[in-house]
Amino acid sequence: MNKLLVSAIAGAAGLTLLLGGAGTFALWNSSTSIAGGTITAGALTVVDNAAAGVWKSGATEIILSTYKIVPGDVLTYTKKVDITATGDNMVATLAVASASITATSATSTPDGKLAGYITKSAQVSISGVGISGAGPTYTITPTGTGVISRAAVVTVILTFPKSSSAGAENDAMLGSVNLGALAVTLTQTT
């Protein structure tokens, strides 16, 4: 091989190594602050209001612990809750926490069947100033300060469905359901 060609190849390799080891060539650049400001996260809470709730069967107020539910009955529970929502675009879904409707005895088949019927049929709605929409999705509109903090009314409807087949609900006869831990959830969706 020609000495001149070998020298040129060695020189090019050396130059490449020098350029790689010396870093990159700097081009002009600049930066500036654009002061975006501060952002704060909102919040969403729903808590039990101290006022007692009311159970009804139809228009009649009932005492739940002494009421004997039968297929076709619709029970309505009305309870005040306090909602605090901070956020400019608050949309939330309201639901009955299904785990809060429990069979009184885990080993009793009628208890479990009755709990299943009632859980499957549970419906809930909420009303109050700054709350709009139709269940299960509600828009919570804050005041001009971006905050809503006030009482609202939650209505839970529990139905023991009546089947068109005679005796279909017999598996829930004498069943017992614990509603002492009945709970609702309000979950932000957007």
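## Exercises on a predicted model

The side chains of Ser57 and Tyr67 are joined by a polar contact of 3.0 Å. This is a predicted model, where local features need pLDDT (the predictor's confidence in each residue, from 0 to 100) of at least 70, side-chain atom pairs count only at pLDDT 80 or more, and totals for chains, interfaces and linings use all residues. Residues are numbered from 1 along each chain as its sequence is written, and side-chain values use heavy atoms, with hydrogens and water left out.

**Exercise 1.** Place Ser57 and list what it is in contact with.

*Solution.* Start with the element: Ser57 sits in strand S2, residues 54-57. Strands (E, at least two residues) are DSSP runs numbered from the N terminus, as are helices (H or I, at least four). Next, skip the neighbours within four places in sequence; Ser57 is then in contact (heavy atoms within 4.5 Å) with Ile62, Tyr67, Val74 and Leu75. Finally, go back to the polar contact with Tyr67. The term takes a pair of N or O atoms within 3.5 Å; within protein, one must be able to donate a hydrogen and the other to accept it, and residues adjacent in sequence count only if both atoms are side-chain atoms.

**Exercise 2.** Classify the aromatic pair of Trp55 and Tyr77, then check whether each residue is buried or exposed.

*Solution.* First, the rule: rings of Phe, Tyr and Trp (its six-membered ring) pair if their centres lie within 6.5 Å; planes under 30 degrees apart are stacked, over 60 edge-to-face, the rest tilted. That rule gives two aromatic pairs. One of them, Trp55 with Tyr77, is stacked, at 4.5 Å centre to centre and 25° between the planes. This pair links distant parts of the chain, with Trp55 in strand S2 and Tyr77 in strand S4 (residues 74-86), 22 residues apart. Now accessibility: buried means under 20% relative accessible area, exposed over 50%, partly exposed in between (1.4 Å probe, protein chains only). Trp55 has 10%, so it counts as buried; Tyr77 has 18%, so it is buried too.

**Exercise 3.** Work out the strand order of the open sheet and find its edges.

*Solution.* Two strands pair if DSSP finds at least two bridges between them. Four strands run in the order S8-S9-S5-S12, with antiparallel pairing. The edges are strand S8 (131-132) and strand S12 (184-188), each pairing on one side only. Five bridges join S5 (residues 90-96) to S12, and Leu94 stands opposite Leu186 in S12.
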